[in-house]
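Trainee: Please take me closely through the pockets of this model and the elements that surround them. I would like one connected account rather than a list.

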Amino acid sequence: MTNSEHTLLPRPVRDSQSEMVEVVLPNDANPLGNLLGGRLMHLIDVAGALACHRHARSFVVTASTDHLDFLAPVHVGDLLVLRSSVNRAFHTSMEVGVKVWVENYIAGTKRHVSSAYLTFVAVDRHGIHVPVPQVVPESAEEKRRYEDAGRRREARNKERERKKAAKQV
């Protein structure tokens, strides 16, 4: 088996799972002391890229943010925990889910503050798309996320075709 064949062997979701922890500092906040939405988007992008790097074992670039929810404010001093994993891989692209919690390390509590789906594309050093291994979902939750990712991809493709047709009119 060649090295390139080995790198394309299907991988379980657990191989891509990543966790990032950040403390919210004053420089990350608006005048109300809440985390800037753009800063959280940046951290979500980085967390998503980590999972995709682990899965593809290559460089990756962000192709799209499919969905992003801000559920609750995050304050200066809060500890952010970002967890990500690849939901599904296609030919050269991967959908990754990122969930964000605020952890109160003194009280020992966590609250869910944001969720996002992003698509990344694996590339070589020259930016050329490269194939990625398939994802093997194992748990019921991973299987649900795998199926949901396929439906979101179909919706994205339909929307892309709709926009293409509208431009031709």
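Mentor: Helices (H or I, at least four residues) and strands (E, at least two) are DSSP runs, numbered from the N terminus. The model is predicted, so that local features need pLDDT of at least 70 and side-chain atom pairs count only at pLDDT 80 or more, while totals for chains, interfaces and linings use all residues. Residues are numbered from 1 along each chain as its sequence is written, and side-chain values use heavy atoms, with hydrogens and water left out.

Let me begin with the setting. The protein has 3 helices and 7 strands, which follow one another from the N terminus as α-β-β-α-β-β-β-β-β-α. Along the principal axes, its C-alpha atoms fill a box of roughly 50 × 50 × 35 Å. Of its 169 residues, 39% count as buried (under 20% relative accessible area with a 1.4 Å probe and protein chains only; exposed is over 50%, partly exposed in between). Among contacts (heavy atoms within 4.5 Å) with a separation of 6 or more, 72% join residues 24 or more positions apart.

Now to the pockets. On a 1 Å grid over the protein atoms alone, a pocket is an open set of points where a 1.4 Å probe fits, with protein on both sides within 12 Å along at least five of seven lines, and lining residues have an atom within 4 Å of a point. The largest pocket has a volume (the space filled by probe spheres set on the points, which are joined across faces, edges and corners) of about 340 Å³. Its lining comprises 18 residues, and those nearest its centre are Gly97, Val98, Lys99, Glu141 and Arg145. At least two lining residues come from each of strand E3 (59-70), strand E4 (79-89), strand E5 (93-104), E6 and helix H3 (140-168). By class, this lining divides into 5 nonpolar, 6 polar and 7 charged residues (Ala, Val, Leu, Ile, Met, Phe, Trp, Tyr, Cys and Pro being nonpolar, Asp, Glu, Lys and Arg charged, and the others, Gly among them, polar).

The second largest pocket has a volume of about 190 Å³, and its lining includes Ala63, Ser64, Phe90, His91, Thr92 and Ser93 as well as Arg153, Arg156, Asn157 and Arg160. The elements that give two or more residues to this lining are E3, E6 and H3, with H3 providing the largest share, 4 residues. Its classes are 3 nonpolar, 6 polar and 3 charged.

Helix H3 therefore deserves a closer look: its 29 residues reach 43 Å from first C-alpha to last, close to the 42 Å expected at 1.5 Å a residue, where the expected span is 1.5 Å times one less than the number of residues. Buried in H3 are Glu142, Tyr146, Asp148, Ala149, Gly150, Arg152 and Arg156, and their cover includes E3, E4, E5, E6 and strand E7 (135-136). Arg156 is thus both buried in H3 and part of the lining of the second largest pocket.

Turning to the strands, Ser114 sits in strand E6 (residues 109-123), and its relative accessible area of 0% is why it counts as buried. Apart from residues up to four places away in sequence, Ser114 touches, among others, Leu40, Ile44, Asp69, Val98 and Lys99; Val98 and Lys99 were named above as lying nearest the centre of the largest pocket. The side chain of Ser114 also reaches the backbone oxygen of Asp69 at 2.6 Å. Asp69 has a further partner, because its side chain and that of His67 are joined by a polar contact of 3.1 Å (a pair of N or O atoms within 3.5 Å, one able to donate a hydrogen and the other to accept it, with sequence neighbours counting only if both atoms are side-chain atoms). His67 lies in strand E3 and is partly exposed, at a relative accessible area of 39%. It touches Ser115, Ala116 and Tyr117, again leaving out residues up to four places away, and its C-alpha atom is 9.6 Å from that of Gly97, 30 residues away along the chain.

Leu40 and Ile44, which touch Ser114, lead on to helix H2, where both are buried, as are Leu43, Ala47 and Cys52, among others. The 20 residues of H2 (residues 37-56) should span 28 Å at 1.5 Å a residue, and the end C-alpha atoms are indeed 28 Å apart. After H2 comes Arg57, placed in the loop between H2 and E3, with a positive phi near 55 degrees in a residue other than glycine. Most residues other than glycine have a negative phi.
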